[in-house]
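Work through these exercises with the model open. Try each task before reading its solution.

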Amino acid sequence: MTKKERAAALIKDFPELRKKDVDRCMKLMPHHILFRHDRSECRCNYCGKVITMDENPEYLLLLNHDTKTTCPACGKEGYAVCDCYNYSNTVERGASNFAVFRKGEGDICYVYCIRIRIRLDRQIGGFAVEDYSYTESQRYIFADGLAYRFGREEHGYFDPKQNRAVYCFSPWQYRTRYTEPTWDQPGFCTDKQYCPVGDDDLGGTCLQYAQIDKFEGIALFLYIQFYLKHPNVEYLVKLGFQKMVSGWFTGYCTAIPDWIDWKQNDVRKMLGVNAYELRRIREQSIDITDYHTMREMCPFLSVEECFIYMNIVRYNYGYLSIFDDDKRRREMLRYIRRQNEKYAESKGFMTLREYRDYFSECRQLQYDWNDRTIRFPRCLADAHTRSSNAVTALRYEELQREKLRKDEEARRKFEESTRKRRRLGFEKDGLMIRIPAALHEIVDEGRALHHCVGGYASRHAEGKLHILFIRKAAAPDTPYFTMELSAEGKVVQVRGLRNCDPPKAVKAFVEDYKKYILPLFAKRQEREKVRISA
Ligand SMILES: [Zn+2]
């Protein structure tokens with residue numbers, strides 16, 4: 001029998017969801033206390049208790065819509081919901097996804113993936129009542145050591161008899177791609193979170209020892225698939241390594257270490273450690289993956305030294321490569337350890353990270369790393385402070401030099417473009433064109449005339465446009481009008497005080513000026529044309 005045929009046979013016997021399973025999920029839905037707006041009574045959706053005004057007026061009077069409250073009957077915390085708040089007859093109060101596990105024949109375990117929605121229905125003049133509905137989005141079967149996933153499609157069509165759209169589902173189909181439940185089929189919410197709800201007794205099924213209830217927020221179905229392949233993972237979970245196992249299925253660290261020997265039934269052999277190492281690892285809640293990396297990177301250390309130095313290395317295994325020979329590595333670790341024995345209390349605890357910072361600072365400062373007093377200074381903390389200050393000073397100096405260089409370059413460019421702009425100067429009928437002698441003049445002009453020319457200064461400096469001052473020849477230093485000329489020699493705008501338009505005399509002057517510059521730019525364009533065709 002192929003896997004597909006076996007799947008087809010298995011899905012035939014998939015039992016319908018029981019009411020008690022749905023009820024169990026309902027208990028895990030968000031809790032609320034529904035109260036009548038006239039505060040005559042309220043009802044807890046968890047315990048079902050109805051509290052009337054005669055019974056507990058203080059509680060009823062203090063209820064506020066959408067604020068937290070605690071049911072006086074069952075003690076469950078939930079939100080108070082007013083029966084007439086912001087809706088007319090039907091409103092969705094909450095929805096959650098669940099994966100319900102159920103024991104089947106032999107070793108078979110069935111899983112229903114359902115989404116439950118709670119609605120509040122209210123008839124005119126009546127008290128709102130709760131109603132719920134659920135949809136099954138996916139099914140899983142775990143049998144004879146294999147994992148099966150089933151899905152179905154929702155079809156919608158228009159029924160002319162009922163004059164509305166009708167939805168129905170296709171039969172369950174075996175899906176060859178095994179994934180976590182997908183909830184975003186048509187009609188399903190994209191909310192992917194789901195809550196596993198276990199059967200009271202999975203005994204006898206292939207998931208009996210899967211420790212499903214020990215996990216939260218992991219890709220549970222991927223874990224189950226892995227468990228069916230490597231049931232020994234149970235021992236790791238039981239021994240307290242469930243954090244490590246969780247890590248494999250949370251999407252952050254999917255790499256399952258290759259040094260675990262899944263053929264072994266003895267945890268020590270699985271993990272490649274002896275009884276003493278295992279005890280120390282569990283006692284100090286050391287990450288066993290780290291311990292393995294440490295042993296691999298520092299084969300020259302004894303077991304005891306490994307445990308001591310792990311605290312100094314602290315996940316920064318890459319930094320061990322400061323030294324490439326074992327002798328120096330051991331010397332470095334021993335040095336940091338001694339530093340901590342002497343100075344940890346007064347100067348703070350040093351780890352490999354601090355040492356590596358010190359190392360890279362020494363390199364930037366071009367200190368001689370072969371010098372033992374540099375490599376292993378008397379007090380690492382002090383030496384590190386000194387080197388870090390020196391690096392900061394060095395960097396500041398570099399920045400200053402860079403800034404000076406840039407300023408100088410900008411000044412040179414500006415002078416060059418001013419030289420080129422000299423021919424743009426012009427004078428007629430008591431008006432003149434003045435070329436800005438420095439960038440700050442453009443900013444000053446904008447301030448004096450209350451317009452925005454200041455913002456053009458950088459483009460002027462880069463030669464992308466020309467800002468020119470129109471001044472009275474009798475007062476060449478007093479801002480009057482400002483002109484923007486495009487790089488191609490077109491007058492783009494002429495602005496005076498608070499963006500006012502120029503008077504006739506200035507307009508005539510601008511017309512004359514246009515005539516004056518026409519040949520200057522025409523020549524340039526021709527030159528460029530010749531260059532292109534040549
Ligand atoms: Zn209650």
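Two strands count as paired if DSSP finds at least two bridges between them. Keep in mind that this is a predicted model.

**Exercise 1. State how E6 and E13 pair, and over how many bridges.**

Step 1. Find E13 at residues 195-197.
Step 2. Count the bridges: E6 and E13 share three. The cut-off is at least two.
Step 3. Read the sense: E6 and E13 are parallel.
Step 4. Check one position. Ala-99 has Pro-196 of E13 as its bridge partner.

**Exercise 2. Describe the pairing of E6 with E7 and the hairpin between these strands.**

Step 1. Locate E6 at residues 90-103 and E7 at residues 109-121.
Step 2. Their pairing is antiparallel and spans 13 bridges.
Step 3. Pick a position to check: Leu-120 in E7 lies opposite Val-91.
Step 4. Turn to the hairpin. Five residues sit between the two strands. Among them, Gly-106 adopts a positive phi near 60 degrees.

**Exercise 3. Give the strand order of the open sheet, then explain which strands stand at the edges.**

Step 1. The sheet has six strands, ordered E12-E9-E8-E7-E6-E13. Its pairing is mixed.
Step 2. E12 (173-175) and E13 each have a single partner strand, so one side of each lacks a neighbour in the sheet. These are the edge strands.
Step 3. Add the twist. From one strand to the next it averages 35 degrees.
Step 4. Look at the E12 end. E9 (residues 146-151) runs antiparallel to E12, and three bridges join the two. Phe-150 has Tyr-174 in E12 as its bridge partner.

**Exercise 4. Identify the strands that H2 lies across and those that H4 touches.**

Step 1. Take H2, residues 19-27. H2 lies across E6, E7, E8 (129-143) and E13. Relative to E6, H2 runs at about 125 degrees.
Step 2. Take H4, residues 220-229. H4 packs on the sheet and touches E6, E8, E9 and E13. The direction of H4 makes about 150 degrees with that of E9.

**Exercise 5. Classify the packing of H9 on H10, and list the residues that meet.**

Step 1. Two packed helices are described by the angle between their axes and the distance between the axes.
Step 2. For H9 (residues 288-297) and H10 (residues 303-313), the angle is about 105 degrees and the axes are 10 Å apart.
Step 3. Angles of 65 to 115 degrees count as roughly perpendicular. H9 is therefore roughly perpendicular to H10.
Step 4. On the H9 side, the contact uses Asp-290, Tyr-291, Met-294 and Arg-295. On the H10 side, it uses Cys-306, Met-310 and Val-313.
Step 5. Sort by class: five nonpolar, no polar and two charged residues.

**Exercise 6. Do the same for H10 and H11.**

Step 1. H11 covers residues 326-347. The axes of H10 and H11 come within 10 Å and cross at roughly 75 degrees.
Step 2. That angle makes H10 roughly perpendicular to H11.
Step 3. H10 contributes Ile-308, Tyr-309 and Ile-312. H11 contributes Leu-333, Ile-336 and Arg-337.
Step 4. By class, this contact has five nonpolar, no polar and one charged residue.

**Exercise 7. Describe how domain 2 and domain 3 are placed and how they touch.**

Step 1. The domain assignment gives domain 1 (3-208), domain 2 (288-419) and domain 3 (421-533).
Step 2. Over C-alpha atoms, the centres of domain 2 and domain 3 are 57 Å apart.
Step 3. Six residues of domain 2 contact seven residues of domain 3.
Step 4. The domain 2 side of this contact splits into two nonpolar, two polar and two charged residues.

Terms used
Residues numbered from 1 in each chain as written. Predicted model: local features only at pLDDT ≥ 70, side-chain atom pairs only at ≥ 80, totals over all residues. Helix = DSSP H or I, 4+ residues; strand = E, 2+ residues; numbered from the N terminus. Axes fitted to C-alpha atoms, helices over the stretch in contact; angles between N-to-C directions. Parallel < 35°, antiparallel > 145°, perpendicular 65-115°, else oblique. Contact = placed C-beta atoms within 7 Å. Nonpolar A, V, L, I, M, F, W, Y, C, P; charged D, E, K, R; others polar. Domains from an automatic or database assignment.
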